[in-house]
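Let's take a walk through a protein fold together. Have the structure open and turn it around as you read.

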Amino acid sequence: MRSKIVAGNWKMNNNQDETESLLTDLKNNLPSTTAEVIVAPTFVNLAQATSAVKDSAIQVAAQNMHFAANGAFTGEISADMLLNIGIDTVIIGHSERRAYFGETDELLAKKVATALDNNMRIIFCFGEELEDRKSGNHFKVVASQLKNGLFSLPADAFKSIVLAYEPVWAIGTGETASPEQAQEMHAFIRETLSEAYSSDIAQEVSILYGGSVKPGNANEIFSKPDVDGGLIGGASLVADDFLAIVKAI
Ligand code: PGA
């Protein structure tokens, strides 16, 4: 059975004090759930975050990493650096990395390969832009992001991959895909995986929805059969909101 997951992508928010206080609130009020709960603070606070959630069910992930093992890559973070502080999950391919930092499918495929070589778990993000949806190209765009980023991998790699479908037009905009739009795309993603690999793999991979998930819409989105949880941005910065979304799953 595939896991249900609620992951909070904190992006470039929360200094050390704010990280401490948000994690304390989350830890003290975490509802009992069979879903996995993950938070992704910024790099400088990852070590602190792992120790803050040590006695709780909350897991900590990184928001990005470099594909190289080490070397002259000023400002970058390696897999080994993350593993060494107890982080074995990494978000790769977030649309903000693609749009603002020029990360291409080709670069992301290298990051994915490095993460897998290091036995890390990946939350792989992808999703179409507004124009793609308006022109009816959204399925094509998503299929090509999946193919270019992931489909050269061997089948067993998918044990370590969580997919996060995040339509760019819904991220941070307050506009969500309707539960029907999310379900339609998630079913398409599963079908695409099934064609590229097998229906077993398609059924085992968790597919999260991301893009303006809030306490008010989480229930309906999560009730869709192919939606296995959410990648939450803005609402993950407010303890009550994130906890309400965890409850919704
Ligand atoms: P949002 O962000 O929930 O603020 O729309 C989602 C994401 O970027 O992962």
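A helix here is a DSSP run of H or I that is at least four residues long, and helices are numbered from the N terminus. By that rule, Asp117 belongs to helix H5, which covers residues 105-117. Keep in mind that you're looking at a predicted model.

Is Asp117 buried or exposed? The cut-off for exposed is over 50% relative accessible area. Asp117 has 66% relative accessibility, so it counts as exposed. Asp117 also has a far-off stretch of chain to compare with: Ala68 is 49 residues away along the chain, yet the two C-alpha atoms are separated by 11 Å.

**The sheet**

Now for the strands. Eight of them form an open sheet in the order S3-S2-S1-S8-S7-S6-S5-S4, and the pairing is parallel. Why is one side of S3 and of S4 left without a neighbour in the sheet? Strand S3 (58-60) and strand S4 (89-92) stand at the edges and have a single partner strand each, so one side of each has no neighbour there. Going from one strand to the next, the twist averages 25 degrees.

Here's how some of the neighbours are joined, with one facing pair of residues for each.

| Strands | Sense | Bridges | A facing pair |
|---|---|---|---|
| S2 and S3 | parallel | three bridges | Ile38 and Gln59 |
| S1 and S2 | parallel | five bridges | Val6 and Val37 |
| S1 and S8 | parallel | four bridges | Val6 and Gly230 |
| S7 and S8 | parallel | two bridges | Tyr209 and Gly230 |
| S6 and S7 | parallel | three bridges | Leu163 and Ile207 |

Try following one row of residues across the sheet. Start at Val37 in S2, which has Val6 opposite. Val6 has Gly230 of S8 as a bridge partner, and Gly230 in turn has Tyr209 opposite. S7 and S8 offer another facing pair as well: Gly210 stands opposite Leu231.

**Strands covered on both faces**

In a regular strand, side chains alternate between the two faces of the sheet. That's handy for reading the next few strands.

Take S2 (residues 36-40), where five of the five residues are buried. Glu36, Ile38 and Ala40 are on one side, Val37 and Val39 are on the other, and both faces are covered.

Strand S8 (residues 229-232) has two covered faces too, with Gly229 and Leu231 buried on one side and Gly230 and Ile232 buried on the other. For S7 (residues 207-210), the buried residues are Ile207 and Tyr209 on one side, with Leu208 and Gly210 on the other.

**How the chain gets from strand to strand**

How does the chain cross from S7 to S8? The path goes through helix H10 (residues 215-222), making a right-handed β-α-β crossover. S1, H1 and S2 also make a β-α-β unit, and that unit is right-handed.

Pause at the loop between S1 and H1, because most residues other than glycine have a negative phi. Lys11 lies in this loop and has a positive phi of about 55 degrees, although it is not a glycine. Asn14 is found in the loop between S1 and H1 as well, and its phi is positive too, at about 80 degrees, again without being a glycine. Buried means under 20% relative accessible area. Asn14 sits at 18% relative accessibility, so it counts as buried.

**Helices packing**

Just after that loop, look at helix H1 (residues 16-29), which packs with helix H11 (residues 239-248). The angle between them is about 35 degrees, and their axes are 10 Å apart. Which residues make the contact? On the H1 side they are Leu22, Asp25, Leu26 and Asn29, and on the H11 side they are Ala239, Phe242 and Leu243. Sorted by type, the residues of this contact are five nonpolar, one polar and one charged. The crossing of H1 and H11 is right-handed.

Finally, find helix H8 (residues 179-196). H8 lies across strand S5 (121-126), strand S6 (161-165) and S7. Relative to S7, helix H8 runs at about 145 degrees.

Definitions and conventions. Residues are numbered from 1 along each chain as its sequence is written. This is a predicted model: local features need pLDDT of at least 70, side-chain atom pairs count only at pLDDT 80 or more; totals for chains, interfaces and linings use all residues. Side-chain values use heavy atoms; hydrogens and water are left out. Axes are lines fitted to C-alpha atoms, for helices over the stretch in contact, and angles run from 0 to 180 degrees between N-to-C directions. A crossing is left-handed if the near helix is turned anticlockwise from the far one by less than a right angle, and right-handed if clockwise. Contact means heavy atoms within 4.5 Å. Ala, Val, Leu, Ile, Met, Phe, Trp, Tyr, Cys and Pro count as nonpolar, Asp, Glu, Lys and Arg as charged, and the others, Gly among them, as polar. Buried means under 20% relative accessible area, exposed over 50%, partly exposed in between (1.4 Å probe, protein chains only). Two strands pair if DSSP finds at least two bridges between them. A crossover is right-handed if, with the strands pointing away from the viewer, the path from the first strand over the helix to the second runs clockwise.
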